[in-house]
Amino acid sequence: MKRIVLCFTMIAALGMASCGSHKPTAPGANRSAVNSAIGAVLPEEQCYTLQEEAPAIRKVGNGSHFKESTAKNIAEAQARAEFAKSIASAIVTATEEIGVSMDKYAGDDTTGKSVSDQSGEANDFVMSIAKEIVKNTHPIKTTRYLKPNNQYNIYVCLEYMGSENQMAQQAESALKDKISPDDRAILEKRHDDFRQRVLSNLGK
C-alpha cells in the first residue's frame, strides 16, 4: 500500500514539474514574431491612397530638396512623367490589340513620312500624344514632410481634369491624325473597343 501511495506521489510531482516548465504565451506574441519577420508597417501615404482609388486618371510623384518649392516641382515633374509613360504604354498596347498599326505613318496625311525613315518615330509621336493629355492634369493632393537632414520630402497626386472616357477619347482623336487612312478606318470601326482597352491598360 505504501508503494502504491509513493508511486502516485511521484507521478503527481512529475506532472506539476512538467506543467511548470511550459510558460504561457503572451497574447500577440506570435503576431509580433510574424511582424518582425515581415518588417514594420509603413504609415499610409494619402497621395497613394487617392491614386489607388482611380489609377487610370491619377498618378503620384515624390521629390526631396532643401527648398520646398524645388521639392514640389520635382514631385510634380515625376508624376507627369509617370502619367505620360502610362498613357503612351496604354495607347501602344490598345492599338496592337485591335489591329491598328503605327509603323506606316509618323506624321499627318500631308507629310506621309514613313516610320522607317527615322528610328523610334512611332514611340516619339505616341509619347507626344501622351504629353498633350498630361497637360490636362492638376494637383489634387500635396503632402509635406521634413526629413532629419532638414530636406523637404513632398508627395503630389495629379488628376486628369475629366473622366476616364474623356481621356481615352482624347487619345483616340490625337491618334487618328497620326496613322494611315486604312488604320484610321479600323480605329473608327473599333473605337469603343480601343477606348475600353486603353482604360484597362491604364488601370494596371
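E172 is buried in the predicted model. Its relative accessible area is 2%, which falls under the 20% cut-off for that class. The residue sits in helix α6, which spans residues 164–176. Beyond its neighbours within four places in sequence, E172 is in contact with L187, H191, F194 and R195.

E172 also forms a salt bridge with K176. The closest N and O atoms are 3.7 Å apart. The two residues are 4 residues apart in helix α6, so about one helical turn separates them. K176 is partly exposed, with a relative accessible area of 23%, whereas E172 is buried. Salt bridges that share partners join E97, R190, D193 and R197 into one network.

Within that network, the side chains of R197 and E97 meet in a salt bridge at 3.1 Å, N to O. R197 belongs to helix α8 (residues 191–202) and E97 to helix α4, so this pair ties together parts of the chain that are 100 residues apart in sequence. Both partners are partly exposed: R197 has a relative accessibility of 29%, and E97 has 36%.

A further salt bridge pairs the side chains of R144 and E68, at 2.6 Å from N to O. This pair also links distant parts of the chain. R144 lies in strand β2 (residues 137–146), and E68 lies in helix α4 (residues 68–98). The separation is 76 residues. R144 is partly exposed, with a relative accessible area of 46%. E68 is partly exposed as well, at 31%. The salt bridges come to 10 by count.

Technical notes:
Residues numbered from 1 in each chain as written. Predicted model: local features only at pLDDT ≥ 70, side-chain atom pairs only at ≥ 80, totals over all residues. Heavy atoms only, no water. Buried < 20%, exposed > 50% of the residue type's maximum accessible area, 1.4 Å probe, protein only. Contact = heavy atoms within 4.5 Å. Salt bridge = Lys/Arg side-chain N within 4 Å of Asp/Glu carboxyl O.
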